[in-house]
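User: Could you take me through one part of this structure slowly? I'd like the sheet in chain A and whatever packs around it.

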Amino acid sequence: MTDKPLQDHAVPASACIAALRQIGVDHVVTVPDWVQLALHARLEAGEDGLALLNTCNENQAVTVAAGLTLGGRRPLLVMQNQGLYNCINTLRAVCLDAHIPLVLMVGQFGREYANLGQPATASRRSMVRLMQPLLDALGIPFHLLDRPADLPCLALAYAQAEQRGGAVVVLVSAPLAWS
Amino acid sequence: MMNMLQACGVVAQQRPADSILVATMGAMFVFDRIDAAGAPPKVASRLSSVPLMGGAAGLGLGLALAQPQRRVIVVDGDASLLMELGSLNSVAAQAPKNLLHVVIHNGTQFTGLANIASPVRGFSFAQAARNAGYRQAETFDQPAAWAERFAALLALDGPGFVELMVEPMPAQTGPGFEPAEMPDLQFERMGREARALQSFLKESS
């Protein structure tokens with residue numbers, strides 16, 4: 001491992017914001033995520049056209065985002081992996097059964113830096129290791145945001161969610177860069 | 001005390017045609033009865049949080065923020081709201097002026113079926129809403145007072161909160177009771193209503 005383990009993997013928060021603007025995202029509904037703190041900081045500071053909604057837990061984040069979507073808005077959900085574990089039944093109701101399209105950026109909190117570039121399923125930590133098998137079991141498509149070159153997966157996730165009618169997850173592998 | 005029909009009837013009869021109604025399961029069945037029996041039905045502007053206890057306030061909040069020109073009414077259940085009591089804070093933090101949040105306080109779960117006690121004795125949802133930061137919160141136990149006050153509460157800048165003290169419907173279960181199979185509709189209606197609501201919002205915008 002290099003002495004800068006994140007340098008190939010940290011996606012700049014500014015690039016995430018630019019991608020979200022390009023897609024037409026207008027709300028970010030969130031329970032804060034350690035992996036995406038740099039994105040939170042920018043949103044907290046204020047980004048024109050991107051309203052920030054903090055909720056008390058991820059179940060509320062999902063239902064609020066669903067209401068926004070039905071009302072004609074285009075929200076993004078931001079949470080961390082343990083938050084997704086927390087809101088499975090709400091995702092089941094809103095996305096699997098009611099087919100409401102939602103995109104979630106989910107930070108892989110707890111991922112060992114030595115595991116970056118390796119399969120997350122090989123992580124020593126259950127929080128990281130179980131995520132992809134869980135999404136497979138739920139039938140929720142996911143994309144890996146492993147490096148800046150992966151950012152186009154965000155637009156793909158929205159297209160997929162809206163076409164399928166349901167949730168699509170973008171797994172954020174490493175802490176976002178503060179640039 | 002009022003009954004469920006009186007509690008929900010006020011909402012069904014008095015809410016504006018362009019408003020949105022989000023309800024949990026107990027209230028949903030009563031609104032179904034009212035819509036089936038009365039005129040004019042407002043089915044297209046309804047969304048049921050079913051089967052999903054605790055989801056109504058979040059759905060209503062998102063809709064209220066997305067559609068600020070419309071009134072959004074959430075009819076929650078006491079056991080449902082307890083599951084997501086923090087949603088009071090999530091709503092209050094956004095302070096949607098067009099949201100009225102009503103909770104049916106009947107102290108039971110599986111109301112009208114088994115009436116299992118909910119851990120809510122002595123708890124004031126209205127006080128919790130005030131503490132969270134709702135602009136106003138009132139409690140009613142008489143149907144006439146609720147009917148008289150509804151329009152004014154809906155017209156006030158929200159978020160507003162109403163706690164309705166409602167008697168549980170009689171239980172049906174007991175020795176020999178055999179439950180009917182849950183129909184597919186129970187698992188499909190949220191999606192159906194979501195699509196109908198989207199069409200309604202587009203057509204009436």
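Analyst: Here is a walk through the sheet of chain A, strand by strand, and then the helices beside it. This is a predicted model, where local features need pLDDT of at least 70, side-chain atom pairs count only at pLDDT 80 or more, and totals for chains, interfaces and linings use all residues. Residues are numbered from 1 along each chain as its sequence is written, while chains are lettered from A and ligands numbered from 1 in the order in which they are written.

Let's start with the layout. The sheet in chain A is open and has six strands, in the order E2-E1-E3-E4-E6-E5, with parallel pairing. Helices (H or I, at least four residues) and strands (E, at least two) are DSSP runs, numbered from the N terminus, and two strands pair if DSSP finds at least two bridges between them. At the edges you'll find strand E2 (51-54) and strand E5 (142-145) of chain A, each with a single partner strand, so one side of each has no neighbour in the sheet. On average, neighbouring strands are turned by 25 degrees against each other, direction ignored. For angles in general, axes are lines fitted to C-alpha atoms, for helices over the stretch in contact, and angles run from 0 to 180 degrees between N-to-C directions.

Now zoom in on strand E3 (residues 75-80) of chain A. Six of its six residues are buried, meaning that 20 or more other C-beta atoms lie within 10 Å of a residue's own, with C-beta atoms placed from the backbone (12 or fewer would be exposed, and in between is partly exposed). In a regular strand the side chains alternate between the two faces of the sheet. Here both faces are covered: Pro75(A), Leu77(A) and Met79(A) are buried on one side, and Leu76(A), Val78(A) and Gln80(A) on the other.

What sits alongside E3(A)? Strand E1 (residues 27-30) of chain A pairs with E3(A) in the parallel sense over four bridges, and Val28(A) has Leu76(A) as its bridge partner in E3(A). Strand E4 (residues 102-107) of chain A also runs parallel to E3(A), joined to it by four bridges; there, Val78(A) has Met105(A) as its bridge partner in E4(A).

Next come the helices. H3(A) lies across E1, E2, E3 and E4 of chain A and runs at about 170 degrees to E3(A). Helix H8 (residues 153-164) of chain A lies across E4, E5 and strand E6 (167-172) of chain A, at about 160 degrees to E6(A).

H3(A) has a helix partner too. The axes of helix H3 (residues 58-70) and helix H5 (residues 88-97), both of chain A, come within 9 Å and cross at roughly 15 degrees. That makes H3(A) roughly parallel to H5(A); the cut-offs are under 35 degrees for roughly parallel, over 145 for roughly antiparallel, 65 to 115 for roughly perpendicular, and oblique for the rest. Asn59(A), Val62(A), Thr63(A) and Ala66(A) of H3(A) meet Thr90(A), Leu91(A) and Val94(A) of H5(A), where contact is defined as C-beta atoms, placed from the backbone, lying within 7 Å. By class, this contact has four nonpolar, three polar and no charged residues. Nonpolar here covers Ala, Val, Leu, Ile, Met, Phe, Trp, Tyr, Cys and Pro, charged covers Asp, Glu, Lys and Arg, and the others, Gly among them, count as polar.

Terms used:
Contact = placed C-beta atoms within 7 Å.
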